[in-house]
Amino acid sequence: MSFKAQWQQDDEKYMETALKEARKAGDLGEVPIGAVIVKDGRIIASGHNLREAGQSATAHAELLAIEKACEAVGSWRLEECTLYVTLEPCPMCAGAIIQARLPRVVYGAADPKAGCCGTLMNLLDEPRFNHRAVVSSGVLKEDCAFLLTDFFRKLREQKKAIRSNKTAD
């Protein structure tokens, strides 16, 4: 197996784990986004969205995983780690990635509304910052995108049913 094929296989394996984290978020009624951080071929941290549960704007999957990874390595620098996340990071998470010195980010689905790793802009490749990260996009993107579109479709259906019940009263 070529190096590139092995790398792609590893990316898919870790993205599968990020998808499991995303499903945990969805089961809690959170937007289904999951993240894992890998160092030396081992998952050292994981996280999923908990914004609603904690009523915290910063409880994004990436930030929660970064916090856990910093604890695991005993440093704020995650220089030998890779972040896998099911949705392209937003500006806040991209900033945290830069601050944590993560050298590589792998994401599944692009985010046309807030994606800052290549869609709206690429903060991780901004030459004015003192750190850059390599970005790999589209890993298991169909699976990652389906989780999100299915979640929001069901949410719209629930809201429609509630409105329908209110007008029937």
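Start by selecting Cys 70 in this predicted model and look for a partner. The closest cysteine sulfur belongs to Cys 81, and at 8.5 Å from the sulfur of Cys 70 it is too far away for a bond. Cys 70 counts as buried, with 18% relative accessibility.

Next, click on Cys 90. Its nearest cysteine sulfur sits in Cys 93, 3.8 Å away. A disulfide needs the two sulfurs within 2.5 Å, so this pair is too far apart for a bond as well. Cys 90 is also buried, at 12% relative accessible area. How many disulfides does the count come to? Zero.

Now for the pockets. Select Val 31, Ile 33, Leu 87, Asp 111 and Phe 152: of the 22 residues lining the largest pocket, these lie nearest its centre. The elements giving two or more residues to that lining are helix 3 (61-73) and helix 5 (141-168). Colour helix 5 to find the largest share, four residues. Sorted by class, the lining has 14 nonpolar, five charged and three polar residues, around a volume of about 500 Å³.

Keep helix 5 coloured and move to the second largest pocket, with a volume of about 190 Å³. Here helix 1 (3-27) and helix 5 are the elements that give two or more residues to the lining. Which helix gives the largest share? Helix 5 again, with six residues. To bring up the lining, select Arg 23, Gly 26, Asp 27, Pro 32, Leu 147, Asp 150, Phe 151, Lys 154, Leu 155 and Gln 158. By class, that's four nonpolar, four charged and two polar residues.

Methods: Residues are numbered from 1 along each chain as its sequence is written. This is a predicted model: local features need pLDDT of at least 70, side-chain atom pairs count only at pLDDT 80 or more; totals for chains, interfaces and linings use all residues. Side-chain values use heavy atoms; hydrogens and water are left out. Buried means under 20% relative accessible area, exposed over 50%, partly exposed in between (1.4 Å probe, protein chains only). On a 1 Å grid over the protein atoms alone, a cavity is a set of points where a 1.4 Å probe fits but cannot get out, and a pocket is an open set with protein on both sides within 12 Å along at least five of seven lines; lining residues have an atom within 4 Å of a point. Grid points are joined across faces, edges and corners, and a volume is the space filled by probe spheres set on the points. Ala, Val, Leu, Ile, Met, Phe, Trp, Tyr, Cys and Pro count as nonpolar, Asp, Glu, Lys and Arg as charged, and the others, Gly among them, as polar.
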